[in-house]
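Let's go through this one as a quick back-and-forth. Here's the model to look at.

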Amino acid sequence: MSDLSHRPAEITPAEARLVVQALVQNGGNVSATARALGVTRSKIKRRLRKADAWGISALGEVQATAARRLETGGKIRRYLLTSAQSNTGIHPGFWGNLRALADHYGAEIMVARIRYNHSEAQVAQEKVNRAAETELWYAPEVEPYLADERVEICPGLIWAGDMNILPTAVTPLSGLDSFTGTASCVFPHPQIALKPIATAPGTEAKFNYTTGAVTLKNYIKRKAGLKAEFHHAFGALLVEVTAQGIWFARQINATDTGEIYDLDLRVDGGEVTTGHRLEVFTPGDIHGVKLDPEVAETVWGDGGMVDTLRPRHQVLNDVLNFGPRSHHNTFFDLVAALYNKADSVEEEIHDTATILNRMTRPWAETYVVKSNHDEHLDRWVETADFRRDPINAGFFLTAAAAKVAAIQRQDTGFDLAAWAFERAGLAPGIRFLSRHERLEIAGVRHDQHGDLGPNGARGTAANIARTGEKANIGHSHSAAICHGCYQAGLFATLDMGYNRGPSSWSHSAILTYGNGKRAIATLRAGQWRA
């Protein structure tokens, strides 16, 4: 089977480029080119005419590849974007479940083909009985869904189906930050990754995604191939677009058997069932009184995101903002707090406790991860001079006395933030984790905030991923996926006062399913899905 056989009638730039390259290799002979590609001379000529119209030549192209725009249709549209590796069969269980999910949602499946080292990869496929083992081929099941072209899914989101990133690339999104300008982009690749890209003020944060694959693991048994095999995901990216053109994206990540979850849906054996509870909900950093009101209502309002997904566990990061007396405050920050009547530490803790109580649900366990902003309280009690801060002197002395009493009774587990919130009326069901406490749910670590990296380094998704354990973290305010580490964004206002210049912050949460697979959901315009 050739690379151009059994294709849809519409010609893509990738096909036109392939014909031009083949024509050069065959010395300009159209008949030889047709034989080499296994198509008719008329098809070769049609593609050459398209190549000429697009400015594609053997020496290069006149202009960058343009994206074909999809029609909006004035209704909700859904797409399942994925990839298929050359000379490799599909995962039958996952493929069947993905098609069942597409039928359930009325979604369009779009598959991009990516190539690997065919001659050596073929060694791993010797058990497959094919007439022409040296030919380039793709699983016939995906042919009706091929989308090897640049497509504008909606304004602000591009599908780069013409991008061929090596399946063995360790960081497949490297070097692509400015690709497609300010528009977010989805790239076909067997690894699932998400990279946040900072954009100028006033421009929505940009995300670059990879998809996962519908094909089996088929790699050369060497270092690069074995690493790629480890990170290979049977997956897709689900994109939802509202009638108004607002888009949402979530990862679809299957188990080795092909089972997949999306929100409250479970697909197994080609059957879609509903009403499945989310295992863990990890919102973006809270920052207490800085919590975005629209986000709070969308997520924790009656019938909101949490009530819909009914997570068994909630894991909260940076619950306290500690704005009145943060050690980062300048003199003018203190003056502003005074005139805004926002300089009482005790009042901020009380208001934050009220906010946290609204987040709790009787059917969900709620945890607070020890975070750097929560520890601002400890630092204040250790270093501040209460005699120069009359409005906070009473609370300061009470907190310091509680800390001293804990030391006297050798209570090494004493948590000053937990003590302060409990004193302020926090619901008793909320559990505060220590820095050294382990919280593993569904095979994922949920006890790290993300501020502390290995060996004293500052934490990042990349260096925490290298610890070898799956982890959900917060801290950076920017959603990311790097191998086994998923990073939530921010649920406070995107303008915190101290952030200036280009930003990659977003209102993003991590969804962890019962089978240990995860997705990142980003809120836009007061919505969390289409």
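Q: Over residues 129–133, how many contacts beyond four places in sequence does the model have?
A: This is a predicted model, where local features need pLDDT of at least 70, side-chain atom pairs count only at pLDDT 80 or more, and totals for chains, interfaces and linings use all residues. Numbering runs from 1 along each chain as its sequence is written, and side-chain values use heavy atoms, with hydrogens and water left out. pLDDT (the predictor's confidence in each residue, from 0 to 100) stays under 50 over residues 129–133. Counting contacts as heavy atoms within 4.5 Å, the number beyond four places in sequence is five.

Q: What does pLDDT average over the protein?
A: Residues 1–8 also sit under 50, and where pLDDT is low, the predicted coordinates shouldn't be read in detail. Still, 92% of the residues score at least 70, and the protein averages 90.

Q: Which strands stand at the edges of the open four-stranded sheet?
A: Strands here are DSSP E runs of at least two residues, numbered from the N terminus, and two of them pair if DSSP finds at least two bridges between them. The order is β5-β4-β11-β12, with mixed pairing. Two strands have a single partner each, so one side of each lacks a neighbour in the sheet: β5 (108–114) and β12 (247–253).

Q: Which residue in β12 is the bridge partner of glutamate 240?
A: β11 (residues 235–241) and β12 run antiparallel, joined by seven bridges. For glutamate 240, the partner in β12 is phenylalanine 248.
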